[in-house]
Amino acid sequence: MFTLRNFSGFLSGTLRLITKGGRLYYAWVGFLLLLIAIGAGAYIGQLKDGLIVTKMRDQVSWGFYIGNFTFLVGVAAAAIMLVIPAYIYDWEPIKEITILGEMLAISALIMCLGFVMVDIGRPDRFWHIIPLVGRLNWPQSMLAWDVIVLNLYLLLNWFVVTYLLFCAYTERHYVKKLVLPLVLLSIPMAVSIHTVTAYLYNGLAARPFWNSAILAPRFLASAFCSGPAILLILLQVLRKTTKLTIKDEAIFKVAELMAYTMGFNLFLTAAEAFKELYSGTEHMVYFQYLLFGLKGHTTLVPYAWASILCGLVAFILFLVPRTRTNWVTLNIGCVLIYASVYIEKGMGLIIPGLTPDVLGDIYVYRPSFTEIAVAAGIFAIGFLAFTLMLKAAVPMMLGEFTITKGRTPVEAPPQEI
């Protein structure tokens, strides 16, 4: 009974926290709501007129939406870059900020599911894959595996974050026997969500650009450097704007781990390029279109080389200890690695995998205004979710908002052990 009453207080208190703030907070939330409204308007137009309002066609059936989905799955999987040193090696400086990584994973997964939904031409037929009323086609369909692992990973992170914050609110220490197995389970699940995403491409034998055994390791390596790149900047912003104590050594340790994964990602990319270019088979045409252009079409060439250049510069900045521990070069490296992987997962992976098409024709794809507006709305939903979670979590983590705060001991409900 006490637990239910406490949880009710936790929910109502959380609602009060997220509805109060300064002008900057309201302006930020208002801006995100405006983007969501614009995205919703564009999506209504897409529902009314169909996917013809996008620039996707039969030749390029996956575009901007799926590129963002692939990138964000990596961001969600990157939470284990904090979980492993915190809970496997029991390293205290990172343990304090692990919950922030899990909240980032929740936000990224919300955006992932949003991009999948808008990519479905007839969302009213979504019920077809719901078990019992429809048919999920599990385990034959890789899409079914993707739906399952993404939703399970979302529920797992949501439960862990909610439980840890509830313990902080009720001023109790969390039950390690409950949390530790769940956190350890999140490690293989994080690997599995990006592996299954890679298999969605890898399993299409008629698409040679994706039909590579090292596609899944490449996905994981790029995820483990792009996801933490976002987190490192967020941690610095939180340290400036809140009273959260985030130690330098925690940030620098994550940056050091990123240097290793970035090096591994560049190595795998180079190995893939060598196999295609040195063998000189007909499959090389996709790499040729990406890196040098084909039949006069050079749309992807600037993106490809920009991604490679950004990745190389970021790797050097993170590899050298002096630049890795300098705030200016560290943040430049974070932005570069983010840009490198974002381009690689969109223009550098989806489009060349579908171009040239199976008949050898080249359809030049560029996202339409509708796709960009809908994507902006989905990103705004993710940012809004992360903002609201932070707005409630930070006071609880600091002990400023707890069950007894602001009440006399008589008014405060008794705590259940």
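**Exercise 1.** Classify R122 as buried or exposed, or as something in between, and find its salt-bridge partner.

*Solution.* Step 1: R122 has a relative accessibility of 42%. Step 2: compare this with the cut-offs, where buried means under 20% relative accessible area, exposed over 50%, and partly exposed in between (1.4 Å probe, protein chains only). R122 therefore counts as partly exposed. Step 3: R122 forms a salt bridge with D124, a salt bridge being a side-chain nitrogen of Lys or Arg within 4 Å of a carboxyl oxygen of Asp or Glu. The closest N and O atoms of this pair are 2.8 Å apart. Step 4: D124, at 46%, is also partly exposed.

The model is predicted: local features need pLDDT of at least 70, side-chain atom pairs count only at pLDDT 80 or more, and totals for chains, interfaces and linings use all residues. Residues are numbered from 1 along each chain as its sequence is written, and side-chain values use heavy atoms, with hydrogens and water left out.

**Exercise 2.** State how many salt bridges the structure holds, and describe those of D248 and E256.

*Solution.* Step 1: the count is eight. Step 2: D248 is joined to R239, with N to O at 2.6 Å. The relative accessible area is 37% for D248 and 27% for R239, and each is partly exposed. Step 3: E256 meets K253 at 3.4 Å, N to O. These two residues are three apart in helix α10 (residues 248-279), so about one helical turn separates them. Helices (H or I, at least four residues) are DSSP runs, numbered from the N terminus. Relative accessibility is 22% for E256 and 28% for K253. Step 4: a network of salt bridges with shared partners links R218, E344 and K345.

**Exercise 3.** Compare the span of α9 with the expected span, then place S226.

*Solution.* Step 1: α9 has 27 residues. The expected span is 1.5 Å times one less than the number of residues, which gives 39 Å for this helix. Step 2: from first C-alpha to last, α9 reaches 39 Å, close to the expected value. Step 3: 19 of the 27 residues of α9 are buried, and the helix is mostly covered. Step 4: S226 lies in α9 and is buried, with a relative accessible area of 1%. Leaving aside neighbours within four places in sequence, S226 is in contact (heavy atoms within 4.5 Å) with F71 and V341.

**Exercise 4.** Describe the largest cavity and the largest pocket.

*Solution.* Step 1: on a 1 Å grid over the protein atoms alone, a cavity is a set of points where a 1.4 Å probe fits but cannot get out; a pocket is an open set with protein on both sides within 12 Å along at least five of seven lines; lining residues have an atom within 4 Å of a point. Step 2: there are two cavities of 30 Å³ or more, and the largest has a volume of about 60 Å³. Its lining includes V75, M81, G101 and P228. Helices α4 (80-88), α6 (98-119) and α9 (215-241) each supply at least two lining residues. Step 3: the largest pocket has a volume of about 950 Å³. Of its 31 lining residues, W28, V237, L238, T387 and L390 lie nearest the centre. The largest share of this lining, ten residues, comes from α16.

Terms used:
Grid points are joined across faces, edges and corners, and a volume is the space filled by probe spheres set on the points.
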